[in-house]
Protein chains: 2
Amino acid sequence: MKTELGKKLVQNAVELIDLLGLEQFTFRKLAVKMGSAEASIYRYFENKHQLFVYLLNWYWEWMAVRIDFNTLNVESASKRLKIVIDVIVDTINRNTSIDVINEEALHRIVVREGIKAYHHKLVDEDNKEGFFLSYKSLCGKIASIIKEISPDFLYSRTLASTLIETANNNLYFAHHLPRLTDLKAEAKDFSSQLKQMLEFFVFGVIHANIMMNVYLDSELKEDMLK
Amino acid sequence: MKTELGKKLVQNAVELIDLLGLEQFTFRKLAVKMGSAEASIYRYFENKHQLFVYLLNWYWEWMAVRIDFNTLNVESASKRLKIVIDVIVDTINRNTSIDVINEEALHRIVVREGIKAYHHKLVDEDNKEGFFLSYKSLCGKIASIIKEISPDFLYSRTLASTLIETANNNLYFAHHLPRLTDLKAEAKDFSSQLKQMLEFFVFGVIHANIMMNVYLDSELKEDMLK
DNA sequence: TATAAAATAATAGTTTTACTATCTTTTGCA
DNA sequence: TGCAAAAGATAGTAAAACTATTATTTTATA
């Protein structure tokens, strides 16, 4: 991101992956789009996978920054968690003339193909290299908010990663595999419906154990206990 | 699956994808392993992606059969849903001499790379071809059990797909990205811990609206409502 | 049973992708 | 001005993805 070519590279990579999909995207095509040479790109990234992971890290860190910015001075942990959901679901309006990265295009890439970064045979090697630190840190940030809301909640990390993945999945499903979700992509208030559903899921689970102790109907309680 | 070569192909494909990962797996390597020719494989499958989708469909249909078999004559919908969770999490002991498909290897493939089947640029084309009917039908089956438990629950499809994906994710995370889950892969009773967690999540969400009406503490209720 | 048609197998290609090597040119900047 | 680092141009290799062609076997039925 320090050199002109580096910026151009990342900018064009996001646009081209958004357009072609990760599988059809090649360094050669990127070079042609940029009016540059394939070999020049290899000076920045060893291969397509490393470029992809770089872009995802950029996204995850951008998310963390947006969460920090938007939750600053918000006392209530519950309110902060709701803001997290807003940040995950919404993309912001970007300033085309200033921004290097097209955040909306990158968001589409993340929703469609982000999981591929870590769902492969060589995850462990990648993980040792620190490829997923940003994602793990983002989940950690969300998990700690959950812990604030309910300190004795056992599954804060799982809930944090599930929140992110469920948000992206249902956005994707609504557009491409509608039978896998209850949301309708056509709905005018789709994004607020998605947020509402995520809040329902997240707060439902967080308060499940609290509520279990209150709601003493034996049959239901039995359902929830092993 | 009707011809000898077809069986050998599918059997060897599962073993090789398990071993190499989808990216490193090629038709040439498969042909060498089978002692057959690359072109012969192309007569069965147009390309690697179609073979992969075939294997996933086999898996999803196998899951549906196992669910039907194990929930037969089980009255309580809650109990049936728990059985669904058991079926998703556990792999069964296989009979090496009879089975064409190594279900444990296929399960590892699904957990690690199953999502790649539908997370790509050409989903819509694939979906039109009916590539994901088995998966959608499996989710539908689970969603209808959820509906039985709570007929006014709004998110049965989402919860069904989230259940499957969360089960696979947390199994995968525990082994490769432990900071993204609360479960410990080393734990002796790992699989029962995973089931317990999934039950907690699923029943927690299902009963969230019921319990909301009972648990009237205003602050918490406010948290859960938009 | 003979034989043509159809299905399957093996062989040998082509094209594209992923990556490397090498040399030349440009450019930032001391 | 000089010079090191970055970038560009060119050309290559190895493997992957896919195809066309020919050979062999199976099957269908006269």
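This passage describes a predicted model of two protein chains and two DNA strands, moving from the fold of one chain to the pairing of the chains and then to the DNA.

Chain A is a good place to begin. Its secondary structure consists of 12 helices and 0 strands, so its pattern, read along the sequence, is α-α-α-α-α-α-α-α-α-α-α-α. The C-alpha trace of chain A spans about 70 × 40 × 40 Å along its principal axes. Of the 226 residues in chain A, 55% are buried. Contacts in this chain often link distant parts of the sequence: among contacts with a separation of 6 or more, 62% join residues that are 24 or more positions apart.

Two residues of chain B help to show what buried and exposed look like in practice. L56(B) is found in helix α4 of chain B. This leucine has a relative accessible area of 0%, and because buried means under 20%, L56(B) counts as buried. Once its neighbours within four places in sequence are set aside, L56(B) is in contact with V110(B), G114(B) and A117(B). A partner much further along the chain is K188(B), which is 132 residues away from L56(B) in sequence and 29 Å away in space, taken from C-alpha to C-alpha.

N73(B) gives the opposite picture. This asparagine lies in the loop that links α4 (48-71) and α5 (77-89) of chain B. Its relative accessibility is 76%, and since exposed means over 50%, N73(B) counts as exposed. Between the C-alpha atoms of N73(B) and F201(B) there are 25 Å, while the two residues are 128 residues apart along the chain.

The next topic is how the two chains meet. In the model, 68 residues of chain A are in contact with 68 residues of chain B. The size of an interface is often given as the accessible area lost when the parts come together. For chain A and chain B this buried area is about 6,400 Å², and 64% of it is on carbon and sulfur atoms. Within chain A, the residues that lose the most area to chain B are H119(A), R179(A) and F200(A), which together make up 12% of what that side buries. The count of salt bridges between the chains is 0, whereas 30 residue pairs are in polar contact across the interface, both residues having pLDDT 80 or more. Helix α9 of chain A, residues 156-176, gives the most to the side that touches chain B, with 14 residues. By residue type, that side of chain A divides into 31 nonpolar, 20 polar and 17 charged residues.

Attention now turns to the DNA, starting with strand C. There are 15 residues around DNA strand C, and those that come nearest are R28(A), Y42(A), N47(A), A39(B) and R43(B). Both chains therefore appear in this list of nearest residues, as the chain letters show. The surface near strand C draws at least two residues from each of α2 (27-34) and α3 (38-42) of chain A and α3 (38-44) of chain B. Its residues divide into 5 nonpolar, 4 polar and 6 charged. Of the strand C atoms within 4 Å of the protein, 44% belong to sugar or phosphate, and the rest belong to bases.

Individual atom pairs add detail to this picture. An N or O atom in the side chain of R43(B) is 2.7 Å from a base nitrogen of strand C, and a polar side-chain atom of R28(A) lies 3.4 Å from a base nitrogen of that strand. K48(A) meets the backbone of the strand instead, with a side-chain N or O atom 3.5 Å from a phosphate oxygen.

DNA strand D is surrounded by 16 residues, the closest being S36(A), R43(A), Y44(A), Y42(B) and N47(B). Sugar and phosphate account for 34% of the strand D atoms that come within 4 Å of the protein. Here α3 of chain A, together with α2 (27-34) and α3 of chain B, each supply at least two residues of the nearby surface, and the largest share, 3 residues, comes from α3(B). This surface divides into 5 nonpolar, 5 polar and 6 charged residues.Two side chains of chain A approach phosphate oxygens of strand D: a polar side-chain atom of Y44(A) at 2.7 Å, and an N or O atom in the side chain of S36(A) at 3.0 Å. From chain B, an N or O atom in the side chain of E38(B) is 3.2 Å from a base nitrogen of strand D.

Methods:
Residues are numbered from 1 along each chain as its sequence is written. Chains are lettered from A and ligands numbered from 1 in the order in which they are written. Side-chain values use heavy atoms; hydrogens and water are left out. A polar contact is a pair of N or O atoms within 3.5 Å; within protein, one must be able to donate a hydrogen and the other to accept it, and residues adjacent in sequence count only if both atoms are side-chain atoms. Helices (H or I, at least four residues) and strands (E, at least two) are DSSP runs, numbered from the N terminus. Ala, Val, Leu, Ile, Met, Phe, Trp, Tyr, Cys and Pro count as nonpolar, Asp, Glu, Lys and Arg as charged, and the others, Gly among them, as polar. Buried means under 20% relative accessible area, exposed over 50%, partly exposed in between (1.4 Å probe, protein chains only). Contact means heavy atoms within 4.5 Å. Buried area is the accessible area (1.4 Å probe) that two parts lose on being put together, summed over both. A salt bridge is a side-chain nitrogen of Lys or Arg within 4 Å of a carboxyl oxygen of Asp or Glu.
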